[in-house]
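Biologist: I would like a close look at the salt bridges in this predicted model. Please take one pair as the starting point and work outward from there.

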Amino acid sequence: MPTLVVAIYVELEMLRGFFFGFTMSFLLPWTIYLSFAGAVVTWFAGAQSAARARWCALGTMVATLGISLVAAWGFVPVASPQSMVNIGWLGDWARFHLAVDGISLALVLLTGVAGVAGVLFSWDVERRAGDFFALFLLLLCGVYGVFLSADVFLLFVFYEIAIVPKYFLVAAWGSTNREYGAMKLVLYSFAGSALVLAGLVWMSAVGTRTLPVFDLAGFVECGRMLPVALQVPLFALMFTGFAVLAGMFPFHTWAPTGHVAAPTGASMLLAGVVMKLGAYGCLRVALPAFPLGFGVFQPVIAWLAVAGIVYAGLVALVQRDFKFVIGYSSVSHMGFVLLGLAAASPLALGGAVLQMFSHGVVAGLLFGVVGRMVYGRTHSRDLQWLRTLPLARLMPFAAVVFALAAMASMGMPGFSGFPAELAILSGVWRQEPVWALAAVVGIPVGAAFMLRALQLAFLGGDGGGGGVRFAPVSLPEKVGAGLLLGVSVGVGLRPDVLTGWIAPALESPWFDLVRNGGAQ
């Protein structure tokens, strides 16, 4: 009997190894290709009916999520990114090089979850549905490309691809001050991109000719060879450029405005995955390539992160617009990500990646409830007006889901935010206790603004409602909410699944100097 068990185990491991090789080299890049192809097909389908566009978009996102899940099942964590595609593209400038490690796989999986949920929460889109979902999928194509790029120039190209659809999604399908919100969002994004591009051009001028400068490994090696006089300005350029999209204080003001103006599905993507592109660029490119520059700016980054956590939380606490509360809460929670990057210990960095995943799921759920379930039916986000309605009775499903999402956002045990914030604060404490003590102030502030929003939006009214009735929550909305809530609970109960992928990636030699605060 023991021999049979061992034989079955060996067979399963061999099967897992086969799937690992197959999914890494063939299937996983199709998250990019399918998203682009799906955008084209959806655009044509939308010319016939909105329903066809919706189903094409949903089918595309379910397929990419399925690919991500298969890849996750067969994934064998190692320190270095595992190459999948590496072909010539722009001569000596760049290659079409895709690779994956535990960090990128976790964020690819997040993208699939957020994409499926975003389509489900956008099921009510009727006007120019083909255009809407085509832009939606094109944005996700760029996001997948960023997380899988192993060439810095290719990463930048996908980064730009993700920016352009944001403007049209917000400007054409948004609500409050949509043109202003869209323009502010895209101007901040392109300003950050310009800083990153300046850093890339500078590196191409000073990089060693014997190394493939824009290959990610070559870029990191070239950057580390530079003297501190060059690393400091290059780090400042590239980290700031990426951090703008991550919502770093004081460059965060585009985020609440853009979130509020965006349609629900776009809000879910902006908070869920687009802000993660900036944090990912900081972690993957700026920190390992310029460790001496990071060492100079490390305390500055930490205190800006703390300022973002506390300031955005306090602003959320006094907001009257329901969606602004969630928008500023996103900035506050992304501050924990940036603080984890600033601390740069293995525990803090792992917590930062886990917080990226957790915030992507929880923020998406909060925006789904507020933007679609509440605003889509009441046509108001005014908390003082909503408090006059017994929404907990009129929308019991929305009330329960928001309460659970609020608990997840507050970092309650059993949800994904708890292990993420615990890891960040523990890692920060070991690096610099003062930073941790200052950041802890954001936790009760976060609880206060979420409980205030829950009280005003759902637990007000006199219980009568004056005969007010709202359409029931639809099946797509319930499925989308269940998916996001289930993922948050799953990660909260078993964070070791994700940390088991992330930790080996952070053991890469690329992060050795970062973990030492830039010391060589």
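Biologist: Which residue forms a salt bridge with Arg54, and how far apart are the closest N and O atoms?

Modeller: The partner of Arg54 is Glu126, and the closest N and O atoms of the two are 3.3 Å apart. This pair joins distant parts of the chain, with the two positions 72 residues apart in numbering: Arg54 belongs to helix H3 (residues 50-74), while Glu126 sits in the loop between helix H4 (102-121) and helix H5 (129-148). Arg54 counts as buried because its relative accessibility is 9%, under the 20% cut-off. Glu126 counts as exposed because its value is 53%, and exposed means over 50%. In general, side chains of opposite charge can pair when their charged atoms come close.

The bridge is one of 10 salt bridges found in a search of the whole structure. Another is formed by Asp131 and Arg128, with the closest N and O atoms 3.1 Å apart. Asp131 has a relative accessibility of 24% and therefore counts as partly exposed; Arg128, at 46%, is also partly exposed.

A further bridge is made by the side chains of Glu477 and Arg377, at 2.9 Å from N to O. This pair, too, links distant parts of the chain: Glu477 is in helix H21 (residues 475-493) and Arg377 in helix H14, 100 residues apart. Glu477 is buried, with a relative accessibility of 3%, and Arg377 is buried as well, with a relative accessible area of 11%. Both residues belong to a network of salt bridges that also includes Asp124 and Arg372.

Asp124 leads from the network to the largest pocket, which has a volume of about 400 Å³. The pocket is lined by 21 residues, and those closest to its centre are Asp124, Trp173, Pro263, Thr264 and Tyr375. Two elements, helix H11 (264-289) and helix H14 (346-378), give two or more residues to the lining. Helix H14, the helix that holds Arg377, gives the most, with 4 residues. By type, the lining residues divide into 7 nonpolar, 8 polar and 6 charged.

For contrast with the charged pairs, there is a nonpolar patch on the surface, formed by Phe36, Val40, Trp43 and Phe44, with about 440 Å² of accessible area together. Phe36 lies in helix H2 (residues 30-46) and is partly exposed, with a relative accessible area of 47%.

Methods: Residues numbered from 1 in each chain as written. Predicted model: local features only at pLDDT ≥ 70, side-chain atom pairs only at ≥ 80, totals over all residues. Heavy atoms only, no water. Patch = residues over 30% accessible without salt bridge, like charges linked within 9 Å, V, L, I, M, F, W, Y side chains within 5 Å. Areas by Shrake-Rupley, 256 points an atom, 1.4 Å probe, with all protein chains shown as cover. Salt bridge = Lys/Arg side-chain N within 4 Å of Asp/Glu carboxyl O. Buried < 20%, exposed > 50% of the residue type's maximum accessible area, 1.4 Å probe, protein only. 1 Å grid on protein atoms, 1.4 Å probe; cavity = no way out; pocket = protein on both sides within 12 Å on 5 of 7 lines; lining within 4 Å. Points joined across faces, edges and corners; volume = space filled by probe spheres on them. Nonpolar A, V, L, I, M, F, W, Y, C, P; charged D, E, K, R; others polar.
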